[in-house]
Amino acid sequence: MTESHVEPFSIITKVQISGILFKKSLAPHSNRWSKRFFIVKEGFLLYYSESEKKCFDKRGYFNFHPKGVIPIGGCIVQPTSDPVQEYVIQISSDSFLNGTVGLAAETRFDQERWLQGLREAARITLENSRMGESIIRDLETQGLQLNKEKQCCVEKLHEETIALRDEIDKNEVSSLYKEKLINKMAVTLVFLCSFFV
């Protein structure tokens with residue numbers, strides 16, 4: 001039996017941010033924090049047991065069966081304080097059972113990195129996705145219209161170029177005819193002058 005192979009960090013498995021964070025228990029009034037491996041993937045925060053980080057680093061792609069998934073599209077992500085943890089990140093949404101999810105980083109740098117990654121991911125919502133698709137369709141339609149207009153302009157320019165070339169050719173013929181006529185008149189004039197002299 002052949003093992004299916006997924007390219008490391010292909011478009012399907014690429015993640016925006018990953019790493020170890022502490023997750024506060026979702027139980028009301030609990031101060032228990034558990035170390036978890038987290039991945040942000042297109043508007044979702046996936047979390048695993050801490051040991052999954054080694055597997056992720058080794059394989060180069062994430063496990064499609066997390067312990068939990070938190071949709072963060074449209075959520076409010078902000079730093080906050082906690083008596084137990086120092087570098088806390090709070091993710092708030094009306095759709096969450098308790099209203100918030102608490103995470104904590106080990107350093108200020110990691111907290112800032114995760115705040116930025118989570119805030120960017122929070123912008124990915126179904127509504128924004130649909131709006132993006134609508135904008136893309138509008139731009140494609142405008143592009144097709146501009147392409148048609150461009151083609152019409154190119155055709156008109158081609159026709160005008162041909163008409164100008166024809167006029168230049170006529171003027172050249174006319175100039176040649178005028179030159180021949182002047183030469184004939186000069187010869188006639190010379191002949192007439194010599195006749196009367």
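The points below concern the salt bridges of this predicted model.

1. On the criterion of a Lys or Arg side-chain nitrogen within 4 Å of an Asp or Glu carboxyl oxygen, the count comes to five salt bridges; three of the pairs are taken up individually here, among them Lys35 with Glu106.

2. In the pair formed by Lys35 and Glu106, the closest N and O atoms are 3.3 Å apart. Lys35 belongs to strand β2 (residues 33–41), while Glu106 sits in the loop between β7 (100–105) and α2 (108–122), so the contact ties together parts that are 71 residues apart in sequence. Both ends are partly exposed, Lys35 with a relative accessibility of 32% and Glu106 with a relative accessible area of 47%.

3. Lys41 is paired with Glu42, and here the closest N and O atoms lie 3.2 Å apart. The two partners fall into separate burial classes: Lys41, at a relative accessible area of 11%, is buried, because the class takes in values under 20%, whereas Glu42, at 44%, is partly exposed.

4. Within helix α2, Arg113 and Asp110 are three residues apart, about one turn of the helix, and their side chains meet in a salt bridge with an N to O distance of 3.8 Å, a value to be read against the cut-off of 4 Å. Arg113 is partly exposed at 32% relative accessible area, and Asp110 likewise counts as partly exposed, at 22% relative accessibility, given that the buried class ends at 20%.

5. Finally, there is a network to consider: Lys35, Glu50 and Glu106 are joined into one network by salt bridges that share partners.

Terms used
Residues numbered from 1 in each chain as written. Predicted model: local features only at pLDDT ≥ 70, side-chain atom pairs only at ≥ 80, totals over all residues. Heavy atoms only, no water. Helix = DSSP H or I, 4+ residues; strand = E, 2+ residues; numbered from the N terminus. Buried < 20%, exposed > 50% of the residue type's maximum accessible area, 1.4 Å probe, protein only.
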